[in-house]
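User: I would like to go through this model and ask, for each label, what the reasoning behind it is. Please set each value against its definition before you conclude.

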Amino acid sequence: MAAATGLGAVPFFFVELDPQWAGLCNGMAAGVMLAASFDLIQEGQSHGAGNWVVMGILSGGIFILLCKKFLEQYGEVSMLDIKGADATKVVLVIGIMTLHSFGEGSGVGVSFAGSKGFSQGLLVTLAIAVHNIPEGLAVSMVLASRGVSPQNAMLWSVITSLPQPIVAVPSFICADAFNKFLPFCTGFAAGCMIWMVVAEVLPDAFKEASPSQVASAATISVAFMEALSTMFQNFTHDYNAEDASGFFVSLLFGLGPLLGGIILVAFALAFHLQHALLMGVASGIAFVLGAWRPLQLLVSSKMGVIPILFLLAAGALFVHVCSSSILTLAGRKRASANNLPTITGFPMSVHTLQSFLSCGAVAFHALAEGLALGVAAPKAYGLGRHMVLPVSLHGLPRGAAVASCIFGATDSWHNALAAAALIGFMGPMSAIGAILAGIDYSGLDHIMVLACGGLLPSFGRIIQRALSLDTPKGSSGLAIGVGFATLCLTCTKLVCLHTPYCNSAPEAVR
């Protein structure tokens with residue numbers, strides 16, 4: 001849950017905020033905080049203690065007012081290289097979002113102690129984790145609009161949710177006591193946030209953007225958060241142990257790409273790997289990912305040569321046409337021979353754009369694999385714990401490919417890790433969608449081969465670029481990428497061979 005909050009800071013690794021966007025971000029943050037307040041009040045009332053919720057709201061408003069007066073009397077406040085009034089607001093926002101996490105952590109612990117035990121608690125945990133992403137975005141927007149770096153914004157977003165796992169344990173052990181105290185806690189956190197939104201966040205937003213723009217941003221944020229809450233509320237009424245297993249494995253499916261990105265970045269920084277070598281590694285991994293599933297289908301006689309070649313060609317043609325159209329459109333807007341105009345402060349060359357488009361092909365591949373996982377994971381016994389190792393191994397090369405491609409194009413390890421995290425998010429999102437939609441496995445092999453075909457033209461351009469920069473290093477990187485991806489996927493197969501790891505859901509990691 002806490003880690004998911006950090007995903008809200010990912011967009012700020014790629015964009016910089018101008019004053020108008022800073023105002024809109026404050027408006028969106030206000031909407032997210034208001035929606036969270038409504039949810040907390042509703043949660044407190046559901047425990048049948050409306051009076052305690054009201055007392056909590058009033059106490060929260062008084063508490064935050066006293067905190068603000070104390071900070072003003074204390075003198076010059078400084079935090080994250082921000083001083084004065086802005087620093088006071090940052091301290092209050094971070095403090096309030098941290099306070100409200102106590103209530104959510106208590107709710108998680110109590111849910112694990114409920115009649116349906118682990119499966120109920122797991123679904124509540126996953127729901128709050130998804131709910132935390134826009135809340136992390138709200139914290140990051142407040143910080144980024146005041147010049148805080150994306151790394152610090154991500155760190156402080158995660159810190160605001162750390163009380164959730166910390167409080168969940170004692171609330172599970174003492175479920176009855178926490179259940180009685182929960183209404184006041186939720187009301188208190190809601191009162192703090194409502195006061196902060198009206199007194200600080202919205203006035204700051206009005207300084208940078210027009211009232212209509214701020215109101216629109218806040219309204220859209222509230223609607224999105226309420227839609228998210230409603231979706232999870234409706235779903236948890238019909239959940240079962242199989243769905244809990246599927247959600248658990250689907251969430252873990254995103255860890256492999258992130259771990260692969262971390263490994264690649266660590267090696268690149270430690271050994272000062274050159275751009276040509278990194279792009280070669282990315283291409284080698286992508287070529288193995290593109291060939292692996294079609295070869296498995298061919299060897300197992302589950303699909304003929306002609307259908308496989310046709311689907312590969314169709315996928316390659318689709319991605320080639322899309323990427324060529326985007327590159328052509330971007331080429332018409334070039335400010336110079338090789339540079340595109342800066343977009344929100346982020347300079348982008350044609351070659352950098354090619355790298356991002358190649359990562360889009362990897363995302364398409366991850367979505368296709370996520371669909372297969374979403375079909376298989378609910379059938380895994382033991383809440384899918386035996387699938388953790390193979391599923392994580394299977395995602396390693398994908399994250400390494402994306403991180404290598406972006407690192408080689410932008411020379412920024414922050415961007416490389418952010419891209420790996422985003423790719424890691426694609427698979428679980430697709431898998432959870434498959435579980436909610438209740439689809440079966442029919443036709444997914446065709447989608448998978450189509451996605452594999454899309455990797456070939458995208459990374460064909462990347463390897464051409466690598467070889468033109470430095471042929472020996474580009475070739476070496478290609479060999480390393482092929483070896484790394486083959487090793488990871490082979491190890492996945494060996495883990496599954498004659499063990500209980502994949503017997504319950506063989507389609508998930510084929």
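Analyst: Exposed means a relative accessible area over 50%, buried means under 20%, and partly exposed is what lies in between. Please keep in mind that this is a predicted model.

User: Why does Ser 301 count as exposed?

Analyst: The relative accessibility of Ser 301 is 64%, and because exposed begins over 50%, the residue counts as exposed. Ser 301 sits in the loop between helix 12 and helix 13 (305–332), and its phi is near 60 degrees, a positive value in a residue other than glycine.

User: What makes Asp 411 exposed, and where is it found?

Analyst: With 51% relative accessibility, Asp 411 is over the 50% cut-off and therefore counts as exposed. Asp 411 belongs to the loop between helix 15 (388–410) and helix 16 (413–437), and although Asp 411 is not a glycine, it has a positive phi of about 60 degrees.

User: Why is Ser 161 called buried?

Analyst: Its relative accessibility is 3%, and since buried means under 20%, Ser 161 counts as buried. Ser 161 lies in helix 6 (residues 150–161), and, leaving aside residues up to four places away in sequence, it touches Ala 2, Thr 5, Ser 101 and Asn 132. For the protein as a whole, buried residues make up 53% of the 510 residues.

User: How many aromatic pairs are there by this rule, and why is the pair of Trp 52 and Phe 184 given the name it has?

Analyst: The count comes to two aromatic pairs. For Trp 52 and Phe 184 the ring centres are 6.2 Å apart, which falls within the 6.5 Å that pairing allows, and the planes stand at 85 degrees, which is over 60, so the pair is edge-to-face. Trp 52 lies in helix 3 (residues 50–74) and Phe 184 in helix 8 (residues 175–208), so this pair ties together parts that are 132 residues apart in sequence.

User: Are Trp 52 and Phe 184 buried or exposed, or what else are they called?

Analyst: Trp 52 has a relative accessible area of 49%, which is not over 50%, and so it is partly exposed. Phe 184, at 21%, is not under 20%, and therefore it is partly exposed.

User: What makes the pair of Phe 267 and Phe 271 stacked?

Analyst: The centres of the Phe 267 and Phe 271 rings are 5.7 Å apart, within the 6.5 Å limit, and the planes are at 20 degrees, under the 30 degrees that stacking requires, so the pair is stacked. Phe 267 and Phe 271 are four residues apart in helix 11 (residues 255–271), and are thus separated by about one helical turn. In accessibility, Phe 267 counts as partly exposed at 47%, whereas Phe 271 counts as exposed at 54%.

User: What is the place of Lys 180, and how do you know that it is exposed?

Analyst: Lys 180 is in helix 8, and because its relative accessibility of 71% is over 50%, Lys 180 counts as exposed. Although Lys 180 and Trp 52 are 128 residues apart along the chain, their C-alpha atoms are separated by 9.8 Å.

User: How many disulfides does the rule give, and what are Cys 322 and Cys 452 called by accessibility?

Analyst: The count comes to zero disulfides, where the rule asks for cysteine sulfur atoms within 2.5 Å. Cys 322 is partly exposed, because its relative accessible area of 34% lies between the two cut-offs, and Cys 452 is buried, because its 0% is under 20%.

User: Which residues line the second largest cavity?

Analyst: The lining consists of Leu 289, Trp 292, Arg 293, His 365, Glu 369, His 394, Met 448, Cys 452 and Leu 489. Two or more of the lining residues come from each of helix 12 (275–299), helix 14 (350–376) and helix 17 (444–469), and helix 12 gives the largest share, three residues. By class, the lining has five nonpolar, two polar and two charged residues. The space in the second largest cavity is about 60 Å³, and the structure holds four cavities of 30 Å³ or more.

Methods:
Residues numbered from 1 in each chain as written. Predicted model: local features only at pLDDT ≥ 70, side-chain atom pairs only at ≥ 80, totals over all residues. Heavy atoms only, no water. 1 Å grid on protein atoms, 1.4 Å probe; cavity = no way out; pocket = protein on both sides within 12 Å on 5 of 7 lines; lining within 4 Å. Points joined across faces, edges and corners; volume = space filled by probe spheres on them. Nonpolar A, V, L, I, M, F, W, Y, C, P; charged D, E, K, R; others polar. Buried < 20%, exposed > 50% of the residue type's maximum accessible area, 1.4 Å probe, protein only. Contact = heavy atoms within 4.5 Å. Phe/Tyr/Trp six-rings, centres within 6.5 Å; stacked < 30°, edge-to-face > 60°.
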